[in-house]
Amino acid sequence: MKNQLKVLRAINGWSQAELAGRLDVSRQAVNAIETGKHDPSLPLAFRIARLFDKPIEEIFDDSE
C-alpha cells in the first residue's frame, strides 16, 4: 500500500524513532510501513491519521 508517511514525517522534522515513539511502535515498524513492506493495522492507521490531523485516505492509498 502506498503512503505519505515518510513525507509527513519529514515535514514535521521527525526521525523514524521519534515517530515510532509518538505512535508507540518500533522504529522498524515505521520503516516497514514507509517502505510498503507492511500495512498498518486499522487502529494504527487511525493513530497515524490523528497524529498528522489528516484523513486516512490522504495518508494511505490502496489503489494498487
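Let's start inside the fold, with two charged residues: glutamate 34 is buried, and arginine 9 is buried as well. Keep in mind that you are looking at a predicted model. What do these two residues form with each other? They form a salt bridge, in which the closest N and O atoms are 2.5 Å apart. This pair ties together distant parts of the chain, since glutamate 34 sits in helix H3 and arginine 9 in helix H1, 25 residues apart.

With that pair in view, step back to the whole chain. It holds 5 helices and 2 strands, and reading from the N terminus the order of elements is β-α-α-α-α-α-β. The radius of gyration is 10 Å, close to the 11 Å that the globule rule gives for 64 residues, so the chain is as compact as a globular protein of that length. If you like to picture a box, the C-alpha atoms fill one of roughly 30 × 25 × 20 Å along the principal axes. Of the 64 residues, 33% are buried. Among contacts with a separation of 6 or more, 54% are between residues 24 or more positions apart. As for the outside, the accessible surface comes to about 4200 Å², and carbon and sulfur atoms account for 50% of it. The chain carries 9 positive and 10 negative charges, and the mean positions of the two sets lie 7 Å apart.

Now return to helix H3, the home of glutamate 34. This helix spans residues 27-34, and its buried residues are Val30, Ala32, Ile33 and Glu34. Which elements do these buried residues pack against? The list takes in strand S1 (2-3), helix H1 (5-12), helix H2 (16-23), helix H4 (42-52) and strand S2 (60-61). Just past the helix comes glycine 36, which has a positive phi near 80°.

Two residues from neighbouring elements help to show how H3 is surrounded. Take leucine 5 to begin with, a member of helix H1. Its relative accessible area is 1%, so leucine 5 is classed as buried. Setting aside residues up to four places away in sequence, leucine 5 touches Leu19, Val30, Ile33, Glu34, Ile48 and Phe52. Three of the buried H3 residues, Val30, Ile33 and Glu34, can be picked out in that list. For a sense of distance, leucine 5 and serine 41 are 36 residues apart in sequence, and their C-alpha atoms are 14 Å apart in space.

Next comes glutamine 16, which lies in helix H2. Is glutamine 16 buried or exposed? With a relative accessibility of 14%, it falls under the 20% limit and therefore counts as buried. Beyond its neighbours within four places in sequence, glutamine 16 is in contact with Arg9, Arg27, Val30, Asn31 and Glu34. Notice that both Arg9 and Glu34, the partners of the buried salt bridge, appear among these contacts. Glutamine 16 and serine 26 are 10 residues apart in sequence, with 8.9 Å between their C-alpha atoms.

The salt-bridge count for the chain comes to 2. Besides the pair described above, glutamate 58 and lysine 54 meet through their side chains, with 3.4 Å from N to O. Here the surroundings can be read from the accessibilities: glutamate 58 is partly exposed at 45% relative accessible area, and lysine 54 is partly exposed too, at 29%.

Finally, have a look at some residues on the outside. Aspartate 24 belongs to the loop between H2 and H3, and its phi is positive, near 60°, although it is not a glycine. At 70% relative accessibility, aspartate 24 is exposed. Aspartate 53 is placed in the loop between H4 and helix H5 (56-59). Its phi is also positive, near 55°, again in a residue other than glycine, and at 69% relative accessibility aspartate 53 counts as exposed. Serine 63, in the segment after S2, is exposed with a relative accessible area of 56%. The C-alpha atoms of serine 63 and serine 41 are separated by 17 Å, and the two residues are 22 apart along the chain.

Terms used:
Residues are numbered from 1 along each chain as its sequence is written. Side-chain values use heavy atoms; hydrogens and water are left out. Buried means under 20% relative accessible area, exposed over 50%, partly exposed in between (1.4 Å probe, protein chains only). Helices (H or I, at least four residues) and strands (E, at least two) are DSSP runs, numbered from the N terminus. Contact means heavy atoms within 4.5 Å. A salt bridge is a side-chain nitrogen of Lys or Arg within 4 Å of a carboxyl oxygen of Asp or Glu. The radius of gyration is taken over C-alpha atoms; the globule rule is 2.2 Å times the number of residues to the power 0.38. Accessible areas come from the Shrake-Rupley method with a 1.4 Å probe; for residues, only the protein chains shown count as cover. Lys and Arg count as positive and Asp and Glu as negative; His and the chain ends are not counted. The place of a charge is taken as NZ of Lys, CZ of Arg, CG of Asp or CD of Glu.
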